[in-house]
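Colleague: Got a minute to walk me through this one? I'd like to hear the reasoning behind the labels.

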Amino acid sequence: MGNHHSKKNIMIATQENEGNQIFFQHTMPNNVCFGCGHENHEGLKIKSHWEGDASVCVWESQEKYNGWKGIMNGGIIATIIDCHTMATATMHAYKVEGNRPWNSDPEYRYATGTLTVKYLKPTPNDVPVKLVARVTEVKGRKTVMTCELWSNDQKTAEADVVAIRVYDSSQQNGDNPFKG
Ligand SMILES: CCCCCCCC(=O)SCCNC(=O)CCNC(=O)[C@H](O)C(C)(C)COP(=O)(O)OP(=O)(O)OC[C@H]1O[C@@H](n2cnc3c(N)ncnc32)[C@H](O)[C@@H]1OP(=O)(O)O
């Protein structure tokens, strides 16, 4: 990803930044993920950023993501939590290494190991939701996080998440299914 092509994409992505806000996903070229890939035009296109030690994502749903009428679908909730926390684990890894840029070497990639969601209240599907994630532990290849989902001023879900570093360009030998 640190090639000429991806640097061009990063420049394009930077132009998408709103005001001075730098969103994690806008620094991730070639990301085709359903939840967070800005190159997946059928996807949810979440955007995450740091607010101090917490990472925050504000996301506006659509009617097609209903569960019961007017209530956000639980799988969609899990998806946005999944993607927001994987992006958080990724950016946290670069942050603790001197806040080095995402496109510097080595490149790290993370995948969801465990995602446990507790649905506390129905989440209205017609107002924006806010996700707030925090890294609670980094141990070896594991990043452990909590994530809250807020609708208006009500917490409607909370999750415990474990991300695993599944790719490290400095350690890479042979094929890696997460490098595609
Ligand atoms: C920017 C982000 C963009 C994209 C975000 C997309 C997010 C996704 O949807 S990723 C797709 C969904 N997830 C997957 O496909 C993952 C499938 N699972 C796997 O590939 C493997 O089970 C994998 C890589 C997670 C772990 O396997 P492996 O590398 O062999 O782990 P292993 O060496 O046994 O364990 C390493 C550590 O992780 C822990 N661990 C392993 N698996 C898990 C797990 N599933 N949950 C929690 N912890 C785990 C182990 O306990 C160990 O911890 P410790 O060092 O403390 O003993």
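**The annotated span**

Modeller: Start with residues 70-157: their end C-alpha atoms lie 16 Å apart, and the span is 25% helix and 42% strand. Keep in mind that this is a predicted model.

Colleague: Why is residues 70-157 given a name at all?

Modeller: The name comes from a record: an unreviewed UniProt entry lists "domain: Thioesterase" for those residues. Such annotations may be inferred rather than shown by experiment, so I'd quote it as the entry's label.

Colleague: What makes up the secondary structure of the protein chain?

Modeller: There are 2 helices and 6 strands, and along the sequence they run α-β-β-α-β-β-β-β.

Colleague: How do you know which residues of the protein chain count as buried, and what percentage are they?

Modeller: A residue needs 20 or more other C-beta atoms within 10 Å of its own to be called buried. In the protein chain, 29% of the 180 residues are buried.

Colleague: What makes Met86 part of the group around the ligand?

Modeller: The cut-off is a C-beta atom within 6 Å of the ligand. Met86 is among the closest of the 20 surrounding residues, along with Ala111, Gly113, Thr114 and Val162, so Met86 counts as near the ligand.

Colleague: Which element gives the most to that shell?

Modeller: Helix 2, with 5 residues. Strand 3 (108-119) and strand 6 (154-168) each supply at least two, as does helix 2 (74-95).

Colleague: And how do the shell residues divide into nonpolar, polar and charged?

Modeller: It's 10 nonpolar, 6 polar and 4 charged. Gly counts as polar by this scheme, so Gly113 goes with the polar ones.

Methods:
Residues numbered from 1 in each chain as written. Predicted model: local features only at pLDDT ≥ 70, side-chain atom pairs only at ≥ 80, totals over all residues. Helix = DSSP H or I, 4+ residues; strand = E, 2+ residues; numbered from the N terminus. Buried ≥ 20, exposed ≤ 12 C-beta atoms within 10 Å, placed from the backbone.
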